[in-house]
Amino acid sequence: MNTTIDDSSMLSLEGFVVSPEATHPLFLLTLAVYLVIFIGNVTVFSVIVFQKNLHEPMYLMICNMSVCDLIGSTAVMPRLMADFLTEVRYISYAACVVQAFCVHVYGSAAQLILTVMAYDRYIAICDPLRYNSIMTTSTLVKLCSLAWGGTLVLIIILFVLTLRLPRCRSRIVHAYCNNSSLFLLSCADTTVNNIYGLFITFFLIGLSFLVIVWTYSKILITCLYKRQSSSKSKAIHTCATHLTVYSIFELSSLFIIIVQRFQNVNPTAKKMFGVLVTTLPPCVNPIIYGIHTKKIQSIVLKCFKNTILPNQ
C-alpha cells in the first residue's frame, strides 16, 4: 500500500554515481565551469549597466540574457558541486521545487528573449530609419516584460498542476530537480502534466523558430539588396552573433529532449545531457558576445588593462 510522504519530508537525489577518486576532480571541474559562467555573465551585465553608451535595445536584451543564464546555472551548479562531495544526497521538497522552478524559468525565458532579440535585429536592419521611433524605451520595456511575464505565467501554471498531486515516492532519479521529476513522485494520473509540459515545450520552440525564420528571411532579402558593403557586413555580423547563441541553445535543448525519449540510453549520459543545457549556453554566451560585439569587447579590454596596468 502506497503512503503519501509529508510535505516537509526530505527527498533523496540520485545524482551522478561516481567513484571516490573522481569526486574531487569533478568538483573542481564543475567549480571552474561555474566560475567561467558567473564571471563572464556578471562582466557582460556590469559593462552594459554601467556604460551609458551601451544603453541601447540590443545590449539591454543581452543584459537580460545574462540574467537568465545566471538563473539557470546558479540553480544547478552549486548544488551539483555539493553533491559530488557527498555519497548520500538529500534535498528538501521546498528546495527541490525552487530549483525546478528556476530551471524552467531559465529555459522558457531564454527562448522568449532570443525571440525578442530577433525582432530587434529585424527592425534595425530592415527599417533602420524608423528604428529609434519603433524601438523606444517604452517598447523595449514592454517586450522584455512580455518575455519574463509570459515565462512566469506559463511556468506558474506548470507548477500549480504539479504541486496539486499527492506524493507517494521520495526519490529524484536525476542530477537535479525539474518538473517531470517532481510529478513522477506522485502515484496519481499525470496525463494533464505531460500534455501541458509538451504544450509549453513545442509552443516556445515553435514560436521562436517561426519568428527566427520570418525575421531572418526578411533580413536576408534586405541584405541582398543593400548596395553598401559596410552596411551589409555590419548586418551579417550582428545577426551571426544572435544566430550562434540561438543555435547553441536550441540544439542543446532539442538534443536533451530527444535523448530523454530513448529508454536504452545510459542513465549517466542522460543526466550529463540534462546538465548540459544549463551549463553550455551560459558558458559560451558571454564569450560569443565578448568576441563578436566590438563595443563590449573594447570596454572589457579597456577595464582589464586599467586594472592590470593602472599606471600605463
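This is a short tour of some helices and their contacts in a predicted model.

Residues are numbered from 1 along each chain as its sequence is written, and side-chain values use heavy atoms, with hydrogens and water left out. Because the model is predicted, local features need pLDDT of at least 70 and side-chain atom pairs count only at pLDDT 80 or more, while totals for chains, interfaces and linings use all residues.

**Stop 1: helix α3**

Select residues 93-126, which form helix α3. Helices here are DSSP runs (H or I, at least four residues; strands are E, at least two), numbered from the N terminus. The expected span of a helix is 1.5 Å times one less than its number of residues. For the 34 residues of α3 this gives 50 Å, and the end C-alpha atoms are 49 Å apart, which agrees. Of those 34 residues, 24 are buried, so α3 is largely enclosed by the rest of the structure. Buried means under 20% relative accessible area, exposed over 50%, and partly exposed in between (1.4 Å probe, protein chains only).

**Stop 2: α2 against α3**

Add helix α2, residues 57-84. Two packed helices are described by the angle between their axes and the distance between the axes. Axes are lines fitted to C-alpha atoms, for helices over the stretch in contact, and angles run from 0 to 180 degrees between N-to-C directions. α2 and α3 pack at about 160 degrees, with axes 9 Å apart. They are therefore roughly antiparallel (angles under 35 degrees count as roughly parallel, over 145 as roughly antiparallel, 65 to 115 as roughly perpendicular and the rest as oblique). The crossing of α2 and α3 is left-handed, meaning that the near helix is turned anticlockwise from the far one by less than a right angle; clockwise would be right-handed. This contact has 18 nonpolar, 3 polar and 4 charged residues. Ala, Val, Leu, Ile, Met, Phe, Trp, Tyr, Cys and Pro count as nonpolar, Asp, Glu, Lys and Arg as charged, and the others, Gly among them, as polar.

**Stop 3: α5 against α3**

Hide α2 and select helix α5, residues 137-163. The angle between α3 and α5 is about 145 degrees, and their axes are 8 Å apart. Here the crossing is right-handed. Contact means heavy atoms within 4.5 Å. The residues that meet include F101, H104 and L112 in α3 and W148, I155 and F159 in α5. By class, the contact of α3 with α5 has 19 nonpolar, 4 polar and no charged residues.

**Stop 4: α7, L204 and T115**

Go to helix α7, residues 191-225. Its 35 residues should span 51 Å, and its end C-alpha atoms are 51 Å apart, which agrees. Buried residues in α7 include Y196, L204, S208 and Y216.

Now select L204, which has a relative accessible area of 5%. Apart from neighbours within four places in sequence, L204 is in contact with S108, Q111, L112 and L154. Next select T115 in α3. T115 is also buried, at 10%, and touches S208 and V211, again leaving aside neighbours within four places. L204 and T115 are 89 residues apart along the chain, yet their C-alpha atoms are separated by 9.4 Å.

**Stop 5: α1 against α9**

Finally, select helix α1 (residues 20-50) and helix α9 (residues 267-292). They pack at about 45 degrees, with axes 8 Å apart, which makes α1 oblique to α9. The crossing is left-handed. V36, I37, G40, N41 and V44 in α1 meet T279, P282, C283 and P286 in α9. These residues divide into 6 nonpolar, 3 polar and no charged.
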